[in-house]
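Here is a friendly walk through a protein that may be new to you. Please keep the sequence and the 3D view open as you read.

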Amino acid sequence: ENSAIRAASAALNFRKQFEIMELKWKEIWQGFIPYQVNIGLKCGINTGCATVGNIGTNEYRYLTAFGLSVNLANRLARLAHSNEILVSATTKSKIFEKFELLEKGVVSDMKNIPGRFEVFSVVREK
């Protein structure tokens, strides 16, 4: 029932911890490489139905989710800038009371997903 809220909260917590780890590793890497390493966390969250199951071969199987909702979350993650959490309008409708959101606009050029999608960035918890 509140999975969208939990997902956004987890993403914010993960971003915070990632920023701490990133600073630590950048210090270590500076001693070994002559250029600045830029890594960043990108996150896309969409709320909807998905199919979940085991796929693979007898030797290698893994549990995964797939479907249009999962693909949309993946496309949002690809659109995100470094350390940005992007959410769909369906997710926004479930989290807007608890999180500060920034409207990013409408996207219509998502690979293999027709339509126009409102996109929002999660800034922080209210």
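Let us begin with a single residue. Glu 100 counts as partly exposed because its relative accessibility is 33%; buried means under 20% relative accessible area, exposed over 50%, and partly exposed in between, with a 1.4 Å probe and protein chains only. Glu 100 is found in strand E5. Setting aside residues up to four places away in sequence, Glu 100 touches Ser 121, Val 122, Val 123, Arg 124 and Lys 126, where contact means heavy atoms within 4.5 Å. Between the C-alpha atoms of Glu 100 and Thr 51, which are 49 residues apart along the chain, the separation is 30 Å.

A word on what you are looking at. This is a predicted model, in which local features need pLDDT of at least 70 and side-chain atom pairs count only at pLDDT 80 or more, while totals for chains, interfaces and linings use all residues. Residues are numbered from 1 along each chain as its sequence is written, and side-chain values use heavy atoms, with hydrogens and water left out.

**The whole protein**

The protein has three helices and six strands; these are DSSP runs (helices H or I, at least four residues; strands E, at least two), numbered from the N terminus. Along the sequence they follow the pattern α-β-β-β-α-β-α-β-β. The C-alpha trace spans about 45 × 45 × 30 Å along its principal axes.

Of the 126 residues in the protein, 30% are buried. The protein exposes about 8,800 Å², and carbon and sulfur atoms supply 53% of that area; accessible areas come from the Shrake-Rupley method with a 1.4 Å probe, and for residues only the protein chains shown count as cover. Among contacts between residues at least 6 apart in sequence, 59% join residues at least 24 apart.

How confident is the predictor? The mean pLDDT of the protein is 92, and 99% of its residues reach 70 or more; pLDDT is the predictor's confidence in each residue, from 0 to 100. Confidence is lowest in strand E3 (residues 61–66), with a mean of 91, and highest in strand E4 (residues 84–88), at 98.

**Two helices**

Helix H1 (residues 3–30) has 28 residues, so at 1.5 Å a residue it should span 40 Å, and this agrees with the 39 Å between its end C-alpha atoms. The expected span of a helix is 1.5 Å times one less than its number of residues. The buried residues of H1 are Ala 4, Ala 8, Ser 9, Ala 11, Leu 12, Arg 15, Phe 18, Glu 22 and Lys 26. Their cover includes E1, E4, helix H3 (89–95), strand E5 (99–107) and E6. An α-helix has 3.6 residues a turn, so residues three or four places apart point the same way.

Helix H2 (residues 68–79) has twelve residues; at 1.5 Å a residue it should span 16 Å, which agrees with the 16 Å between its end C-alpha atoms. In H2, Ser 69, Leu 72, Ala 73, Arg 75, Leu 76 and Ala 77 are buried. Strand E1 (42–45), E4 and strand E6 (117–125) are included in what covers them.

**A meeting of loop and helix**

Which residues does Asn 46 contact, leaving aside its neighbours within four places in sequence? They are Ser 69, Leu 72, Ala 73, Ser 88, Thr 90 and Thr 91. Asn 46 lies in the loop between E1 and strand E2 (51–56). The C-alpha atoms of Asn 46 and Leu 72 are 6.6 Å apart, although their positions lie 26 residues apart along the chain. On the helix side, Ser 69 is in contact with Asn 46, Gly 48 and Cys 49, again without neighbours within four places in sequence.

**Asparagines and a serine side by side**

| Residue | Place | Relative accessibility | Class |
|---|---|---|---|
| Asn 46 | loop between E1 and E2 | 17% | buried |
| Ser 69 | helix H2 | 16% | buried |
| Asn 83 | loop between H2 and E4 | 22% | partly exposed |
| Asn 112 | loop between E5 and E6 | 66% | exposed |

Two of these residues have another feature to look for. Most residues other than glycine have a negative phi. Asn 83, which is not a glycine, has a positive phi of about 65°, and Asn 112, also not a glycine, has a positive phi of about 60°.
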